[in-house]
Amino acid sequence: MAKHELDNVVQWHHLDAEDVLDRLETDQHRGLAVAEAQRRLAREGSNRLPPPRKRPAWLRFLVQFHNVLIYMMLIATVIALLLVHWIDAAVLFAAVIGFIQEGKAENALDAIRGMLSLHTAVLRDAERIEIGAEAVVPGDIVVLASGDKVPADLRLIAGRNLHVNEAILTGESQVAEKLPAPVPVDAALGDRRCMLHSGTLVASGKAIGVVVATGIRTELGRISSMLEQVQEVTTPLLRQMAGSAVGWRSSLQR
């Protein structure tokens, strides 16, 4: 099985269930062999999201002062102290607020990682066993029932009265009905009725699905990656002030 076939480039929702099983070289009734599952786990890695890169609390606090506006406020604070004004308290308060907000952003990444299932039932060598969700690999046949968390991105093979809560991905409060039939290739995420996504919750019914993506390749993993790549936005006022500060330093050096 080629590695590129395990990536989200393949439009799994547009393929027939039998085609998906053939591409992943697995069997609906037997699942993967234990030895093959171990080989895939070694090749593809564990079904988990990488921990976010964290900065020490003291560094996050100091970074709040690395800003042209803060520099000017600090200068104003020194002047205010000489005049017995307490603007310095306002400066520190602004820094603390920024520190807390950045901590919340890092906590959001931890919350996403916490949405992953801990255990799930799979078929291995025609036997239904329960394994840790981190050991799930592409091609695994997963069995789900009401109340279960989906452990990875799955292509639905069979389902009965199946409804899934996908609010964490789509924002929809209503549960989505799931059916095995393929959908158009350009279907939006919320319209891919034959797909079950990692971290979502089975509200009712039963399902059998084949794992098509794990870890960072899942839709939940994609969201986690997007959060880590969020860049700080600089307002026009700060850009103008930064430009003025550069010009001011240049004039002093002449």
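Let's start with a side chain that reaches back to the backbone: in this predicted model, the side chain of aspartate 148 comes to 2.8 Å from the backbone nitrogen of alanine 145. Aspartate 148 belongs to the loop that runs between β3, residues 141-145, and β4, residues 153-165. So is aspartate 148 buried, exposed or partly exposed? Its relative accessibility is 29%, so aspartate 148 counts as partly exposed. If we skip residues up to four places away in sequence, aspartate 148 touches Val143, Thr200, Leu201 and Val202. You can also look across to alanine 121, which is 27 residues away along the chain; the C-alpha atoms of aspartate 148 and alanine 121 are 9.8 Å apart.

Alanine 121 brings us to the strands. What stands opposite alanine 121 in β3? That would be valine 143. The strands involved, β1 (residues 119-124) and β3, pair in the antiparallel sense, with 3 bridges. Strand β3 also runs antiparallel to β7, residues 201-213, and 5 bridges join those two. Here valine 143 turns up again, this time with isoleucine 208 of β7 as its bridge partner. So please keep valine 143 on your screen: it faces alanine 121, and it is bridged to isoleucine 208 in β7.

Why do we call β3 largely enclosed by the rest of the structure? Because 4 of its 5 residues are buried. One general reminder while we are on strands: in a regular strand, side chains alternate between the two faces of the sheet.

Let's move along to β4, where we find glycine 159. Glycine 159 has 42% relative accessibility, so it counts as partly exposed. Leaving out neighbours within four places in sequence, glycine 159 is in contact with Pro180, Lys206 and Ala207. And how far is glycine 159 from our friend valine 143, C-alpha to C-alpha? The separation is 9.8 Å, with their positions 16 residues apart along the chain.

Now for the nonpolar interior. The largest nonpolar core has 16 residues, and those touching the most other members are Trp12, Val20, Leu24, Ile141, Val210 and Val212. Both α1 (17-23) and β7 supply at least two residues of this core, and β7 gives the largest share, 3 residues. There is also a second, separate core of 15 residues, with Val136, Ala152, Leu162 and Leu196 among them.

On to charges, which I know many of you like. As a general point, side chains of opposite charge can pair when their charged atoms come close. How many salt bridges do we count in this model? The count comes to 10, and I'd like to walk you through three pairs.

The first pair is arginine 39 with glutamate 36, where the closest N and O atoms are 2.8 Å apart. Both residues lie in helix α2, residues 34-44, and they sit 3 residues apart, about one turn of the helix. Is arginine 39 buried or exposed? Arginine 39 has a relative accessible area of 51%, and the cut-off for exposed is over 50%, so arginine 39 counts as exposed.

The second pair is arginine 217 with glutamate 44, whose side chains meet at 3.2 Å, N to O. This one links distant parts of the chain: arginine 217 is in the loop between β7 and α7 (219-228), glutamate 44 is in helix α2, and 173 residues separate them. Arginine 217 and glutamate 44 are both buried.

The third pair is arginine 124 with aspartate 140, a salt bridge of 2.8 Å, N to O. It too links distant parts of the chain, with arginine 124 in strand β1 and aspartate 140 in the loop between β2 (127-132) and β3, 16 residues apart. Again, both partners, arginine 124 and aspartate 140, are buried. Back in helix territory, salt bridges with shared partners join Glu36, Arg39 and Arg40 into one network.

Let me zoom out before I hand over. The protein has 8 helices and 7 strands. Of its 254 residues, 37% count as buried. Among contacts with a separation of 6 or more, 72% are between residues 24 or more positions apart. Finally, the accessible surface of the protein is about 14,500 Å², and 59% of that belongs to carbon and sulfur atoms.

Technical notes. Residues are numbered from 1 along each chain as its sequence is written. This is a predicted model: local features need pLDDT of at least 70, side-chain atom pairs count only at pLDDT 80 or more; totals for chains, interfaces and linings use all residues. Side-chain values use heavy atoms; hydrogens and water are left out. Buried means under 20% relative accessible area, exposed over 50%, partly exposed in between (1.4 Å probe, protein chains only). Contact means heavy atoms within 4.5 Å. A polar contact is a pair of N or O atoms within 3.5 Å; within protein, one must be able to donate a hydrogen and the other to accept it, and residues adjacent in sequence count only if both atoms are side-chain atoms. Two strands pair if DSSP finds at least two bridges between them. A nonpolar core is a set of buried Ala, Val, Leu, Ile, Met, Phe, Trp, Tyr and Cys residues joined through side-chain atoms within 4.5 Å. A salt bridge is a side-chain nitrogen of Lys or Arg within 4 Å of a carboxyl oxygen of Asp or Glu. Accessible areas come from the Shrake-Rupley method with a 1.4 Å probe; for residues, only the protein chains shown count as cover.
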